[in-house]
Amino acid sequence: MTTPRNASPNLARSKRFATIALVIAVLIWLALMIAAKLLPDYVWLIHILMLSAEAGVVGGLADWYAITVLFRNPFGRLPIPKFLRDHTAIIPRNKTRIAQSMGRFVQENFLSPQVVEKSLANSDLSLFAGQWLAKPENSRQVTQVLQQTLPKVFDFVGQEQIGRFIQSNSVQWVKNTKVNALASEMLHAVLDNDFHQDVLQRGLDVVHVWMLNHPEDTREMMRKLFKELGVSKFAKGASLIGIDVKQRSIDSMVERLEAMLADPDHPWRLNIEDSARRYMQDLSDPQSQASLSLNRAKDALLDSPQVLNFISGAVVILFDAVKHDLQQENSGIAENLRLAIMQVGQNIAENSQVRDLLNARIATMAVTLSDQYSEKVIRFISERIHEWDSQEMIDKIENEVGGDLHMIRVNGVVVGAFIGLALGIIRAIVEYAI
């Protein structure tokens, strides 16, 4: 039996032991035949030992043949009966059937939806993942991989290409999106959670403080307002008789602001809230004037070359800044990312509800993938095995299990010798008794 290319040490050692055992059995058999001629007085004992040696030789040769025909035809080009030839080189002849059987085995025992679902039901993958990510050394390892990989991805793709891709896809996505519904939902969330009260309070406070700290700028703004309204001559005429209309308007506005700041139920504040709710209702109707105007403004903005150039430039600048920071030894982004990963891991490990949700999603996704792609995986495995070169396939299998198979040859010699010895003793006892 030939040794495969790149044979493993275990296979070569087993073949050597098997060959040595067979050769020793043959030599003992030959020596005993010679001894029977030279020592006729002990021929009865020699015959018992010869039978043991013969049985060892037969056992070793029979096992050699049985193992050899698994991988190749030991007869070569010799003319032998067809029923013998058809049962040689068993593995190469049945390569297709083996490939299909291995595919079915993997599918039935590893990739079937039932097996996947049962395996995931008995494990808490999210707990393992959370505990693993929560360890500082693991979160640091993940961060280092990202820190080393992302700059290479940026270099490979190119910042301008990324900018153009994001610009074209994001702009197209925004164009296809009716922002009136998003704006309506955002206003709904703001109003229902009273976020607008805090925003309005802060806004009124900022305006109030600014007007008190910048009286000259406030008067200038009031002057321009009077001019736009066409009442600047009236204000100037009133000043001739000692009435400062501008200052009185400013003082009145400051009083209104202070009243609105002090009273959450001030009529003006309620009017602002009512106007916001009416606008929210209008935006919920895609055919309303407010919705049509907002979407037209959005489309006009996205069609502006200045806006598109700004998006491209901003993306390039952002990616360049991220890349530069990640390449630093003490990267702020990498450190924040590491802390975020570790915090996410801790939150997952400590929150059983989140884990149950993640495990359910993982199980659903895994079962769906196994149901959709198991056939493709199995077909790939089967086709790959079928495409193997026969000699390559034999070498792979023989390297894996050939060592144990050839030790069977050693066992054949030893066991055969003991069986022959037993038979020889039995024959001698029968002959002596008769």
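## A tour from Glu 335 outward

Glu 335 is partly exposed, with a relative accessible area of 35%. Select this residue first, bearing in mind that the model is predicted, and then add Arg 338 to the selection, since the side chains of Glu 335 and Arg 338 meet in a salt bridge of 2.9 Å, N to O. Both residues belong to helix H18, where they are three residues apart, about one turn of the helix. Arg 338 counts as buried, at 12% relative accessibility, because buried means under 20% relative accessible area.

Keep these two residues on screen and widen the view to the largest pocket, whose lining includes Glu 335 and Arg 338. To show the rest of the lining, select Arg 140, Thr 143, Gln 144, Gln 147, Gln 148, Glu 329, Asn 330, Ser 331 and Ala 334. Helix H8 (136-157) and helix H18 (332-350) are the elements that give two or more residues to this lining, and H8 gives the most, with five residues. Colouring the lining by residue class will show one nonpolar, six polar and four charged residues, around a space of about 190 Å³.

Next, turn to the other end of the salt-bridge list, which holds two entries in total. Select Asp 124 and Arg 355, whose side chains meet in a salt bridge at 3.4 Å, N to O. This pair links distant parts of the chain, for Asp 124 sits in the loop between helix H6 (113-121) and helix H7 (125-134), whereas Arg 355 sits in helix H19 (residues 352-387), 231 residues apart. Asp 124 is partly exposed, with a relative accessible area of 30%, while Arg 355 is buried, with a value of 14%.

Now move to the surface and select Ile 34, Leu 38, Leu 39, Tyr 42, Trp 44, Leu 45 and Leu 49, which together make a nonpolar patch of about 740 Å². Helix H1 (9-38) and helix H2 (43-71) each supply at least two residues of this patch, and the largest share, three residues, comes from H2. Leu 49, found in helix H2, is partly exposed, with a relative accessible area of 37%.

For the last stop, select Thr 88 in the loop between helix H3 (82-85) and helix H4 (90-93). Is Thr 88 buried or exposed? Thr 88 is buried, with a relative accessible area of 1%. Add Leu 70 to the selection to see that Thr 88 and Leu 70, though 18 residues apart in sequence, are 6.5 Å apart in space, C-alpha to C-alpha.

Conventions: Residues are numbered from 1 along each chain as its sequence is written. This is a predicted model: local features need pLDDT of at least 70, side-chain atom pairs count only at pLDDT 80 or more; totals for chains, interfaces and linings use all residues. Side-chain values use heavy atoms; hydrogens and water are left out. On a 1 Å grid over the protein atoms alone, a cavity is a set of points where a 1.4 Å probe fits but cannot get out, and a pocket is an open set with protein on both sides within 12 Å along at least five of seven lines; lining residues have an atom within 4 Å of a point. Grid points are joined across faces, edges and corners, and a volume is the space filled by probe spheres set on the points. Helices (H or I, at least four residues) and strands (E, at least two) are DSSP runs, numbered from the N terminus. Ala, Val, Leu, Ile, Met, Phe, Trp, Tyr, Cys and Pro count as nonpolar, Asp, Glu, Lys and Arg as charged, and the others, Gly among them, as polar. Patches are made of residues with over 30% relative accessible area and no salt bridge: like charges are joined within 9 Å, nonpolar side chains (Val, Leu, Ile, Met, Phe, Trp, Tyr) within 5 Å. Accessible areas come from the Shrake-Rupley method with a 1.4 Å probe; for residues, only the protein chains shown count as cover. A salt bridge is a side-chain nitrogen of Lys or Arg within 4 Å of a carboxyl oxygen of Asp or Glu. Buried means under 20% relative accessible area, exposed over 50%, partly exposed in between (1.4 Å probe, protein chains only).
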